[in-house]
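Subject: Structure handover

Hi,

Here is the structure I promised to pass on. Please open it alongside this note.

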Amino acid sequence: MNGPELLRYARVHRGGAILAGTAFVALLSAFFGGVHISLPSIGSGGVTTGVPYRHELPLLSAVFLTATLDGALAAHEEMGTPTMYRFRAAYCISLTLAACAFSFGAETLAVGPADGVVFVRSVLIWLGLSLLSVRLLGQQLSWAIPLASALFLVWYPLYWWDWTASSPSDLFSWAAAAIALSIGVGATATTPWRRKVWLRRRKPPARTTAV
């Protein structure tokens, strides 16, 4: 695998569009991330509350990044050789690192490095959840599970589980990122073809009776 081959693969799999989408989200957060989403607070008697857009925008970047697995030949690629899997993995990792680097830079320039780290951490958590959503619900619903988690954070913000607002050094949030990414990568690797091979290997051999 070399640079030109990876670039050709990226052109076929909309690498430019994906990077443009994540860059747009990062710039949107840099310029308007401090604006609060106004929502009625549960049990507040009509008082409104809200969270900054900056906390929720990483979800969009994560959903954009899952498009790296989509394409006209996505189903055939899932049945490919180990070399193809390594190629797909290198492509996905490269785009994810590029998106995270740009997002961190934009957030750092706009508000500070601490917010940049939190933004990237949120991208990684939602990327794992989005990959799980792709495997369970299909590519068109890659946003479903991340959105469900985001609604929970919006309605119950600033608690210990809110990784979008916790400090950059919060161990629970980084553990959540590691777990979410592990689940997402595992779900991506568990293709229908691999499940069939695994089940075939686990199936006990048929007993033969002597004549």
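Below is what came out of the analysis, from the overall make-up to single residues.

Keep in mind that this is a predicted model.

Overall make-up. The protein has 10 helices and two strands. From the N terminus, the order of elements is α-α-β-β-α-α-α-α-α-α-α-α. There are 211 residues, and 40% of them count as buried. Take the contacts between residues at least 6 apart in sequence: 68% of these join residues at least 24 apart. About 12200 Å² of the protein is exposed, with carbon and sulfur atoms supplying 70% of that area.

Salt bridge. The structure holds one. Glutamate 107 and arginine 54 form it through their side chains, at 2.7 Å from N to O. Glutamate 107 sits in helix α6 (residues 82–110) and arginine 54 in helix α3 (residues 53–56), so the pair ties together parts that lie 53 residues apart in sequence. Are the two partners buried or exposed? Glutamate 107 is buried, and arginine 54 is buried too.

Helix α9. This helix covers residues 171–189, 19 residues in total. From first C-alpha to last it reaches 27 Å, close to the 27 Å expected at 1.5 Å a residue. Its buried residues are Ser173, Ala176, Ala177, Ala180, Gly184, Ala187 and Thr188. Viewed down the axis of α9, these buried residues fall within an arc of 105°, so they line one face of the helix. Part of the cover over them comes from α7. On the face of α9 turned away from the buried side you will find the exposed residues Leu171, Ile179 and Ser182.

Nonpolar patch. Have a look at the surface as well. A nonpolar patch there is formed by Leu136, Leu137, Leu141, Trp143, Leu147, Leu151, Phe152, Trp155, Tyr156, Tyr159, Trp160 and Phe172. Together they have about 1200 Å² of accessible area. Which helices each supply at least two residues of the patch? They are α7 (113–137) and α8 (144–155). The largest share, four residues, comes from α8. Phe152 is found in helix α8. Its relative accessibility is 41%, and exposed would require over 50% while buried means under 20%. Phenylalanine 152 therefore counts as partly exposed.

To recap the places to inspect: the salt bridge between glutamate 107 and arginine 54, the buried face of α9, and the nonpolar patch on the surface.

Best wishes

Notes. Residues numbered from 1 in each chain as written. Predicted model: local features only at pLDDT ≥ 70, side-chain atom pairs only at ≥ 80, totals over all residues. Heavy atoms only, no water. Patch = residues over 30% accessible without salt bridge, like charges linked within 9 Å, V, L, I, M, F, W, Y side chains within 5 Å. Areas by Shrake-Rupley, 256 points an atom, 1.4 Å probe, with all protein chains shown as cover. Salt bridge = Lys/Arg side-chain N within 4 Å of Asp/Glu carboxyl O. Buried < 20%, exposed > 50% of the residue type's maximum accessible area, 1.4 Å probe, protein only. Expected span 1.5 Å × (residues − 1). Arc of directions from axis to C-beta. Contact = heavy atoms within 4.5 Å.
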